[in-house]
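Let's walk through this one together, going from the overall fold down to individual rings. Keep the viewer open as you read.

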Amino acid sequence: LKQRKRERDSSNLSCHSFSDKVDGIEPEKKKRVRTCRSKYLEVRDPTTGKIVPLKWQRSSWYLLYLDPQAASCRTSSKFLSKFRRRFRMPYSTFLKFAELA
């Protein structure tokens, strides 16, 4: 029984090398293939059905906070309090942004 165990252990050692080197030479590492992603989020156009990049003018951030057509809804006190709550920042950072504007 001990002899069989030794044979199994020695055969396992011969099958599994602890080093990838063959004759002292390391094999070349495989280069990882990287796929290029689009820098835009892609959405399906409802009229044509094709996948197109989402433009910043159609993003929810632009439509909620910057779109001039929706300016009337941004004057309500509920909207303004929600905006302040979502985008809180330290006063010193606010002053830096105010200087830039």
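What follows starts with the whole chain and ends with its aromatic side chains.

Keep in mind that this is a predicted model. The protein chain averages a pLDDT of 77, and 71% of the residues score at least 70. Confidence varies along the chain: helix α1 (residues 2–15) has the lowest mean, 59, while helix α4 (residues 91–100) has the highest, 90. Where pLDDT is low, the predicted coordinates should not be read in detail.

Now for the layout. The protein chain has four helices and two strands, and along the sequence they come in the order α-β-β-α-α-α. Of its 101 residues, 7% count as buried. If you count contacts with a separation of 6 or more, 3% of them are between residues 24 or more positions apart. The chain exposes about 10,700 Å², and carbon and sulfur atoms supply 56% of that.

Aromatic rings give you a good way into the details, with nine aromatic pairs in the structure. Take Tyr65 and Phe87, whose ring centres are 5.4 Å apart with 90° between the planes, an edge-to-face pair. This pair links distant parts of the chain, 22 residues apart: Tyr65 sits in helix α2 (residues 60–66), and Phe87 in the loop between α3 (77–86) and α4. Are the two partners buried or exposed? Tyr65 counts as buried because its relative accessibility is 12%, under the 20% cut-off. Phe87 has 33% relative accessibility, so it counts as partly exposed. Both rings also belong to one aromatic cluster, made up of Trp61, Tyr65, Phe79, Phe83 and Phe87.

A second pair, Tyr91 and Phe94, has ring centres 5.9 Å apart and planes at 35°, so it counts as tilted. Here the partners share helix α4 and are three residues apart, about one turn of the helix. Tyr91 is exposed, at 58% relative accessibility, whereas Phe94 is partly exposed, at 44%.

Those two residues lead straight to the surface. Which residues form the nonpolar patch there? Met89, Tyr91, Phe94, Leu95, Phe97 and Leu100 do, with about 680 Å² of accessible area together. Leu100, one of the patch members, lies in helix α4. Its relative accessible area is 71%, so Leu100 counts as exposed.

Methods:
Residues are numbered from 1 along each chain as its sequence is written. This is a predicted model: local features need pLDDT of at least 70, side-chain atom pairs count only at pLDDT 80 or more; totals for chains, interfaces and linings use all residues. Side-chain values use heavy atoms; hydrogens and water are left out. Buried means under 20% relative accessible area, exposed over 50%, partly exposed in between (1.4 Å probe, protein chains only). Contact means heavy atoms within 4.5 Å. Accessible areas come from the Shrake-Rupley method with a 1.4 Å probe; for residues, only the protein chains shown count as cover. pLDDT is the predictor's confidence in each residue, from 0 to 100. Patches are made of residues with over 30% relative accessible area and no salt bridge: like charges are joined within 9 Å, nonpolar side chains (Val, Leu, Ile, Met, Phe, Trp, Tyr) within 5 Å. A salt bridge is a side-chain nitrogen of Lys or Arg within 4 Å of a carboxyl oxygen of Asp or Glu. Rings of Phe, Tyr and Trp (its six-membered ring) pair if their centres lie within 6.5 Å; planes under 30 degrees apart count as stacked, over 60 as edge-to-face and the rest as tilted.
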